[in-house]
Amino acid sequence: PREAEASGSALARLGAGVAGVMVLLVFGSFTFGLWFGSYMQENEEWNPAVNRYFNGADSALIFICVLLAAYHSGQVPPSLRSVQAGKDAAARVWGLAQARPSIDV
């Protein structure tokens, strides 16, 4: 019981730490998107995509793009788990293919 409690507690701390890092990344991305959009507008940087200077609409677009990128970064861990499960399954299949049969063929 003590070992199960300790491992459960360690797993909970790890999950809380990962969630904290994700929240930090999301809010950091918000801050970066707002700062970068206002920086480009304040310094009158040229926007070559539309052949004009950056304006408020461009700043909002930058913010939304950074926001979506931050949210979608949270979808990476499930995909990595699937890749790892596939690698584990391939290792088992490869082990079966390399095994010598116990009967004489």
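Author: A residue is exposed when its relative accessible area is over 50%, and buried when that area is under 20%. Keep those cut-offs in hand. The model is predicted.

Reader: Why is L14 called exposed?

Author: L14 has a relative accessible area of 53%. The cut-off is over 50%. So L14 counts as exposed. L14 sits in helix 1, which covers residues 2-42.

Reader: What makes L11, L14 and V18 a patch?

Author: Nonpolar side chains are joined within 5 Å, and each residue needs over 30% relative accessible area. L14, at 53%, clears that bar. L11, L14 and V18 together form a nonpolar patch on the surface, with about 310 Å² of accessible area.

Reader: Now D58. Is it buried or exposed?

Author: D58 is buried. Its relative accessibility is 8%. Buried means under 20%, so the label fits. D58 belongs to helix 2.

Reader: How do you know that R52 and D58 form a salt bridge?

Author: Start with the general idea. Side chains of opposite charge can pair when their charged atoms come close. Then check the distance. From N to O, R52 and D58 are 2.7 Å apart. The limit is 4 Å, for a side-chain nitrogen of Lys or Arg and a carboxyl oxygen of Asp or Glu. Therefore the pair qualifies as a salt bridge.

Reader: How many salt bridges does the structure hold?

Author: The structure holds 1 salt bridge.

Reader: Why is R52 called partly exposed?

Author: R52 has 31% relative accessibility. Partly exposed lies between the buried cut-off of 20% and the exposed cut-off of 50%. So R52 is partly exposed, while its partner D58 is buried.

Reader: What makes the link between D58 and N47 a polar contact?

Author: The side chains of D58 and N47 are joined at 3.4 Å. A polar contact needs N or O atoms within 3.5 Å. So the pair passes.

Reader: Where is N47, and why is it called buried?

Author: N47 is in strand 1, residues 46-47. Its relative accessible area is 9%. That is under 20%, so N47 is buried. A polar atom of the N47 side chain also lies 3.2 Å from the backbone nitrogen of A49.

Reader: Which residues does N47 touch beyond four places in sequence?

Author: N47 touches R52, Y53, F54 and D58. With the same kind of neighbours set aside, D58 contacts N47, R52 and Y53.

Reader: What is the mean pLDDT of the protein chain?

Author: The mean is 83, and 98% of residues reach 70 or more. Confidence is highest in strand 2, at 89, and lowest in helix 2, at a mean of 82.

How values were computed. Residues are numbered from 1 along each chain as its sequence is written. This is a predicted model: local features need pLDDT of at least 70, side-chain atom pairs count only at pLDDT 80 or more; totals for chains, interfaces and linings use all residues. Side-chain values use heavy atoms; hydrogens and water are left out. Patches are made of residues with over 30% relative accessible area and no salt bridge: like charges are joined within 9 Å, nonpolar side chains (Val, Leu, Ile, Met, Phe, Trp, Tyr) within 5 Å. Accessible areas come from the Shrake-Rupley method with a 1.4 Å probe; for residues, only the protein chains shown count as cover. Helices (H or I, at least four residues) and strands (E, at least two) are DSSP runs, numbered from the N terminus. Buried means under 20% relative accessible area, exposed over 50%, partly exposed in between (1.4 Å probe, protein chains only). pLDDT is the predictor's confidence in each residue, from 0 to 100. A polar contact is a pair of N or O atoms within 3.5 Å; within protein, one must be able to donate a hydrogen and the other to accept it, and residues adjacent in sequence count only if both atoms are side-chain atoms. Contact means heavy atoms within 4.5 Å.
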